[in-house]
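Let's take a look at a protein chain together. Have the picture open and turn it around as you read.

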Amino acid sequence: MLARRFLYLIAGLIVLTLAAGLTWSLFQDQLLRMTFVPGGRFDAAAAGPAPDYRSAAAWLSRPDLPDDPARWLPDGVAPAVEKPAIAVFYVPPTTYYSKASWNAPIANVESRQWLRAFAWSEASAFNAIGAIWAPRYRSATLGTFMTDSPDAAKALDLAYGDVERAFDAFVAQLPANRPILLAGHSQGTLHLMRLLKDKVAGKPIAKRIVAAYLVGWPISVEADVPALGLPACTRADQAGCILSWQSFAEPAEPRQIREIFESSVGLTGAPRKGTNMICVNPLTGLPASAAAPDANIGALVPRSDYMGADVKPGVVGARCDPSGVLLIGAPPKGFDRFVMPGNNYHVFDYALFWANIRADAARRSAAYLGR
């Protein structure tokens, strides 16, 4: 399955610190499974009770939370709007790496710490256009994506079930005509794709979607998009469309992602082999486009503890490669930690283009509200 095999690559950013180069190249599969795949059978109870999304405690971000990391802003950036016209539903990426259970307990301390980091480095890009809702969910652990065990599928289903219930609670608390922007990253994007297929495509709520930022996951234009109920974006001022990209420095080696992509089946049931990946350049808002570093109005350059960042313009340019990935040129300074094999800057898919994503969301929101 694409989900399992694609996130298999992400484990490299952690295990590279555990093994020397030769050992890694010879025994990477064994090391990854030994380090991350849970040894026991799937047990939903091990992840604790399902979150009650009627309660504020079940949310990482919500308009009524006094301490909401998604409201964070770097120095020099204007504060968020006071009366947002749009509601944002953001689903965080994988933040649980333990093999103690197949799904993250809501109370896991390390997972909660990284959730805050992703809220300020990713979700905060949208806080100028709307109130952000981000559920705490029992995400599948990283090891889930390294095995074809039926337990892995159960873990993903449990995680998606939480996201689906959170979305239902989110929609139930909104005015019936409130526009909605969807955003996710990595595992969060995987769940949003399924959510679009199950809860949005072909339904009245589809008309309320301002845009869907489905970042850090390979999406087929031909084999996935028709099932999602929204088209891929083709204009910078287009509303009601999907944006997606995967960031690689050069020399890039996306061969593994391409092989995984082409060996899997899309959400329409058709094979992805021979189809095109969505690549919308976050610097231009356009597919199949290129932009120099001076078009980058602000990347979030992380501080040494990765619990803060400073916005800096001109850090990287970007161009959509014919292979479907987003190339950012030479490895950028300040982003040297957590780089995945092949020069994959997956962890920084949002941070590298934070201010441009912010401007893009504002532009698409204005287009939606004005039409």
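Here is a short tour, from the whole chain down to a sheet and a pair of helices.

## The whole chain

Keep in mind that this is a predicted model. The chain has 371 residues, and 57% of them count as buried. Its secondary structure comes to nine helices and 14 strands.

What about the outside? The chain exposes about 14,500 Å², with carbon and sulfur atoms supplying 57% of that area. As for contacts between residues at least 6 apart in sequence, 77% of them link residues at least 24 apart.

## A six-stranded sheet

Now find the open sheet built from six strands, which run in the order S1-S3-S2-S4-S5-S6 with mixed pairing. Strand S1 (59-61) and strand S6 (242-243) sit at the edges, and each has a single partner strand, so one side of each has no neighbour in the sheet.

At one of those edges, S6 pairs with strand S5 (residues 209-215) in the parallel sense, over two bridges. If you want a spot to zoom in on, Tyr 213 stands opposite Leu 243 in S6.

## Strand S2, well covered

How many of the residues of S2 are buried? Six of its six, so to speak a full score, and S2 is mostly covered. Look at which way they point: Ile 86, Val 88 and Tyr 90 go one way, while Ala 87, Phe 89 and Val 91 go the other way, and all are buried.

S2 also pairs with strand S3 (residues 130-135), in the parallel sense and over four bridges. Here Ile 86 stands opposite Gly 130 in S3.

## Helix H6 and its partner H5

Next, follow helix H6. It lies across strand S2 (86-91), strand S4 (180-185) and S5, and runs at about 140° to S4.

Two packed helices are described by the angle between their axes and the distance between the axes. For helix H5 (residues 150-172) and helix H6 (residues 187-200), the angle is about 60° and the axes are 10 Å apart. The crossing of H5 and H6 is right-handed.

Which residues meet where H5 and H6 touch? On the H5 side they include Leu 156, Tyr 160, Val 163 and Phe 167, and on the H6 side they include Leu 190, His 191, Arg 194 and Leu 195. The residues of this contact between H5 and H6 divide into seven nonpolar, two polar and six charged.

Key:
Residues are numbered from 1 along each chain as its sequence is written. This is a predicted model: local features need pLDDT of at least 70, side-chain atom pairs count only at pLDDT 80 or more; totals for chains, interfaces and linings use all residues. Side-chain values use heavy atoms; hydrogens and water are left out. Axes are lines fitted to C-alpha atoms, for helices over the stretch in contact, and angles run from 0 to 180 degrees between N-to-C directions. A crossing is left-handed if the near helix is turned anticlockwise from the far one by less than a right angle, and right-handed if clockwise. Contact means heavy atoms within 4.5 Å. Ala, Val, Leu, Ile, Met, Phe, Trp, Tyr, Cys and Pro count as nonpolar, Asp, Glu, Lys and Arg as charged, and the others, Gly among them, as polar. Buried means under 20% relative accessible area, exposed over 50%, partly exposed in between (1.4 Å probe, protein chains only). Accessible areas come from the Shrake-Rupley method with a 1.4 Å probe; for residues, only the protein chains shown count as cover. Two strands pair if DSSP finds at least two bridges between them.
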